Amino acid sequence: MDQFRNIGIIGRIGSAKVVETIRRLMKFFDDQAMNVILEDRIAEVIPGHNRQVGRSQLLGEMCDLVIVVGGDGSLLGGARKLAKYGVPVLGINRGKLGFLTDISPDEHMEEKITEVLEGRYITESRFLLDAQVRRGGQPVATLSSLNDVVLHPGKATTMIEFDLYIEGKFVYVQKSDGLIVSTPTGSTAYSLSGGGPIMHPKLDAIVLVPMFPHTLSSRPIVVDGNSEIKLIVSENNKTYPHISCDGQESFTLAPGDTIYIHKKPQKLKLIHPLDHDFYQTCRDKLGWQTQRGLQ
């Protein structure tokens, strides 16, 4: 267990079940004589914890492992903050789906974590996307995502017009409700709801999914993961669309803005138990048929 001595814990705010699980984790790590550092936001709702507290930067710099307790949304937020530090991340599911947070507190949580601490685990590298907004040729915003970058109308219920370029090559001008630019990690999230394909997490690819396009011939496009994607917001738009990352970070665009989307240099190190199976997760979470003859 010498590989992991300092353990960081991030938790979703506003959940009694998350606090209960974190208390279990603290007791477990006390028994293992391991040092626990709590992220400052979750520490505020756990009185008497008597643990070191820090922001995500401190956890990234000091910890050998960071555990995220919550749903996939919690892990998405943690991933964007921690990826640049290279610290491994393990998810405890206190959410609904759990594509990323795949250890259940109700199923021998301490046993699964012991296996990880003993070196019995699977490591996956998941790439993130950076989206830079330029206005008049000057950068005005940079956002990151693990799941997806989404161009959408914002609060307005109207179509938007934009140009799409891939690797500097013009693709099309589109009128639609927007565009989802998704990583393989995000292919089972918003992209899937928009009609995009499910991509295995090991793929080095990006999928572009039009949202309710004006032309029926517009279909999802899968491109190389190293591609640069450029979106130009048309000057013809009468409203101010938005760009959102993972549904958690957002920026208001202006007609004429250009968005450059490309792979982030640093990747997320995501840890799974040895019995992790992507297809089993799909069967469990998406309700795929498991036996012949079922209707």
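This text goes through the two nonpolar cores, one sheet and one helix of a predicted model. Local features rest on pLDDT of at least 70 and side-chain atom pairs on pLDDT 80 or more, whereas totals for chains, interfaces and linings use all residues. Residues are numbered from 1 along each chain as its sequence is written, and side-chain values use heavy atoms, without hydrogens and water.

The largest nonpolar core (buried Ala, Val, Leu, Ile, Met, Phe, Trp, Tyr and Cys residues joined through side-chain atoms within 4.5 Å; buried is under 20% relative accessible area with a 1.4 Å probe, protein chains only) has 28 residues. Ile22, Phe29, Ile67 and Ile113 touch the most other members. Elements that each supply at least two residues include β1 (6-11), β4 (65-70) and α5 (109-117); α1 gives the most, with 7. Beyond its neighbours within four places in sequence, Phe29 is in contact (heavy atoms within 4.5 Å) with residues including Ile7, Val36 and Leu117. A second, separate core of 26 residues includes Phe162, Val181, Ile243 and Leu253.

Six strands (DSSP E runs of at least two residues) form an open antiparallel sheet in the order β13-β12-β11-β8-β15-β16, where pairing requires at least two DSSP bridges. β13 and β16 each have a single partner strand, so one side of each lacks a neighbour in the sheet. Between β11 (178-182) and β12 (205-211) there are 5 bridges, and Leu179 has Pro210 of β12 as its bridge partner.

In helix α7 (278-286; helices are DSSP H or I runs of at least four residues), Phe278, Thr281 and Cys282 are buried. Their arc, taken from the directions from the helix axis to the C-beta atoms, is only 100°, which puts them on the same side of α7. Asp277 caps the N-terminal end, with a side-chain oxygen 2.9 Å from the backbone nitrogen of Tyr279. Just after α7, Gly287 has a positive phi of about 70°.

Conventions
Buried means under 20% relative accessible area, exposed over 50%, partly exposed in between (1.4 Å probe, protein chains only). A polar contact is a pair of N or O atoms within 3.5 Å; within protein, one must be able to donate a hydrogen and the other to accept it, and residues adjacent in sequence count only if both atoms are side-chain atoms.
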